[in-house]
There are 2 protein chains.
Amino acid sequence: MRFGLFGGGKVGSANPLGDSYGYRDFIRYICDAEELGFESAFLVEHHFTGVGQLSASLNLLSYIAAKTSRIRLGTAVVVLPWHNPVLLAEQIATLDVLCEGRFDMGVGRGYRKEEFQAFCIPMSEAQERYNECFELLLKSLSSRERFSHHGKYWNFESIVVEPAPIQQPHPPVWMAAGRPEGIAYVAGQGHNVLLDQIGSVSDTIERVQVFLKAQAAAGIVPDAMRCGVTRALHIVNSEAERRQAYARRIETLKKIGELAKKPLNLEPATFADAGIASDDAALIGTPEEIGERLQKLADGGVEYVLLTNATASRESLVTFSEKIMPHVRSRAPAVALAAA
Amino acid sequence: MRFGLFGGGKVGSANPLGDSYGYRDFIRYICDAEELGFESAFLVEHHFTGVGQLSASLNLLSYIAAKTSRIRLGTAVVVLPWHNPVLLAEQIATLDVLCEGRFDMGVGRGYRKEEFQAFCIPMSEAQERYNECFELLLKSLSSRERFSHHGKYWNFESIVVEPAPIQQPHPPVWMAAGRPEGIAYVAGQGHNVLLDQIGSVSDTIERVQVFLKAQAAAGIVPDAMRCGVTRALHIVNSEAERRQAYARRIETLKKIGELAKKPLNLEPATFADAGIASDDAALIGTPEEIGERLQKLADGGVEYVLLTNATASRESLVTFSEKIMPHVRSRAPAVALAAA
């Protein structure tokens, strides 16, 4: 089983000394993760929250590209309806060149009502804008010939995007999906899936199997590394810390419920509305307890877990890499699994 | 006198091995410049040229921010009509945080007919789009309170841009100007000026004096470091190299004439249409000859020269820093000058 980081939270206000300290701490944290054997870091993008959330993820990743050499760098996600697809393609291609092909291109449609309002974009246009932007983004990244685009939202005449990304025809695409038909669609398109942090262990295992079967059905070599399971992580050292971690988890679940209160109908994540007692999705506990929970996922065919680490400290990464990482064993190679 | 670099040329196709080699060479070149005592690097942004020009300058600068610690990092320029002003503000603020306040914010309206056509933006809207974008960009960077914007081209509701840039209220603004009224306007607004590479020595000296006087008239401490004089640089070691350099210069002058053939009427640069014989703008020659030409500029009050270096080699930077840089003496402190 391999592990990445997922999030990017309050980089700005994380440190009382100001925005730059929060960024510096976060950058060091990603460098620590590379050193300690983590596979990837996927950064969230949000806008206008007022709590110091990361807004320009592709710029931060460009900086981190220079400070790292092995860890994969991803977005989770770039919200396409906010962006000019061609300028975005130029940024992504440049980043892919700068990090020498380590970029993972997580894209999404957006779900926060507040953000649509702030950008003065009707939420009802989200899917259509996403579709047009996504198609144009891929074409911009992969075409080495000039082309024109005249769509509903964007027009370009005789363009060619430079530089060419290192990863051809474009960096791997990652998309959030939850329902079986959504997961199967993304897999069948040859893209990668991000699963939510709220799905139970058994739901998550089921989804990964849906993903692998859909890959096989589409003639793609099934590979569970292309289905990232996001999980909240909170390593605790005492009962007091455990209580704090649970309280935090409840707040997170409430907040996700709040922020996604009016989700779009097209691809609703099947967020469990379960109470904390029945929440086996989060990785809260001692290293041993977390290892056991991860082993259940591994036994079900999960290969790739992306962690939203509550403490975001070097200490927690060290504990994870020393006391958890080496003890979780994948069940079997993903290809064998899907063939079963 | 202090020196920066200006350009960014064909980063992509500069190396026959592919785009990434061109970027790698260019990044090393900027790091060399920092090591050798250059003050700044201003990067050009262009789109869809098909010759490998730098497109995502803010991403490349974010990477370079991590590889450098002292050199100032600038755009020359970000063409505002292409960009969403608020997403641009987020990128700029993030970069300013990442480089710890070393960002110089060069902005422009665009002048290439081909680019306007490619973006499907009528050139007749350039000034209006520039104005709206510039105003909103500065407000986004400097406001720590939420605000709304409802303009002709952009609408935002209750937004606050994060992070806050290190340089408050915003990174220094640099704008190209050529005519006296244009230079005086920019100076009076408290911004910085970029002068073109084609103005003769005497025209350039006159413009710097216009800049300093306008600063003084606006109650701003006159400072010639805020008026960057761009110059083509080509150090030659033989008569054959000199002939090549002149040929190249003629091509450049033709190309600039071509690209700016239908410039906007509002702020035309007074590009000299002179033949190469009377062209004393370019710094072509031996180190001694270049030093003499720079001394003329220094004697006229020029303090800051931004070089477009034809060879873009470490060797040429070393020669410049050893044989030219130490020998050019500023006439007098800029403040004393303007008071005269």
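In this predicted model, the buried residues of helix H9 of chain A are Ile290(A), Arg293(A), Leu294(A), Leu297(A) and Ala298(A). Viewed down the axis of H9(A), these buried residues fall within an arc of 150°, so they line one face of the helix. That buried set packs against a mixed group of elements of chain A: helix H7 (201-217), strand E10 (227-235), strand E11 (283-285), strand E12 (304-309) and helix H10 (314-324). The length of H9(A) can be checked as well. The helix covers residues 287-299, and at 1.5 Å a residue its 13 residues should span 18 Å; the C-alpha atoms at its ends are 18 Å apart, so expectation and model agree. After H9(A) comes Gly301(A), which has a positive phi, near 105°.

Attention now turns to chain B and its strands. Strand E2 (residues 40-43) and strand E3 (residues 72-75) of chain B run parallel and are joined by four bridges. Within this pairing, Leu43(B) sits opposite Thr75(B) of E3(B). Together with helix H2 (residues 57-67) of chain B, E2(B) and E3(B) form a β-α-β unit that is right-handed. E3(B) also pairs with strand E5 (residues 103-108) of chain B: the two run parallel, and two bridges connect them. Here Leu73(B) has Phe103(B) in E5(B) as its bridge partner.

Helix H2(B) reappears where the two chains meet. How many residues does each chain bring to the contact? Chain B contributes 42 residues, and chain A contributes 42 residues. On the chain B side, at least two residues each come from helix H1 (19-35), H2, helix H3 (85-98), helix H4 (113-118) and strand E7 (155-159). H2(B) supplies the largest share of that side, with eight residues. Sorted by class, the side of chain B that touches chain A holds 22 nonpolar, 14 polar and six charged residues. The helix that links E2(B) and E3(B) in the β-α-β unit is thus also the one giving the largest share of the chain B side of the contact.

One further residue of chain B, Lys323(B), belongs to helix H10 (residues 314-324) of that chain. Is Lys323(B) buried or partly exposed? Lys323(B) has 15 C-beta neighbours inside 10 Å, and therefore counts as partly exposed; a buried residue would need 20 or more. Between Lys323(B) and Glu145(B), the separation is 178 residues in sequence and 51 Å in space, taken from C-alpha to C-alpha.

Note on methods: Residues numbered from 1 in each chain as written. Chains lettered and ligands numbered in written order. Predicted model: local features only at pLDDT ≥ 70, side-chain atom pairs only at ≥ 80, totals over all residues. Expected span 1.5 Å × (residues − 1). Buried ≥ 20, exposed ≤ 12 C-beta atoms within 10 Å, placed from the backbone. Arc of directions from axis to C-beta. Contact = placed C-beta atoms within 7 Å. Pairing = 2+ DSSP bridges. Right-handed = clockwise from strand over helix to strand, strands pointing away. Nonpolar A, V, L, I, M, F, W, Y, C, P; charged D, E, K, R; others polar.
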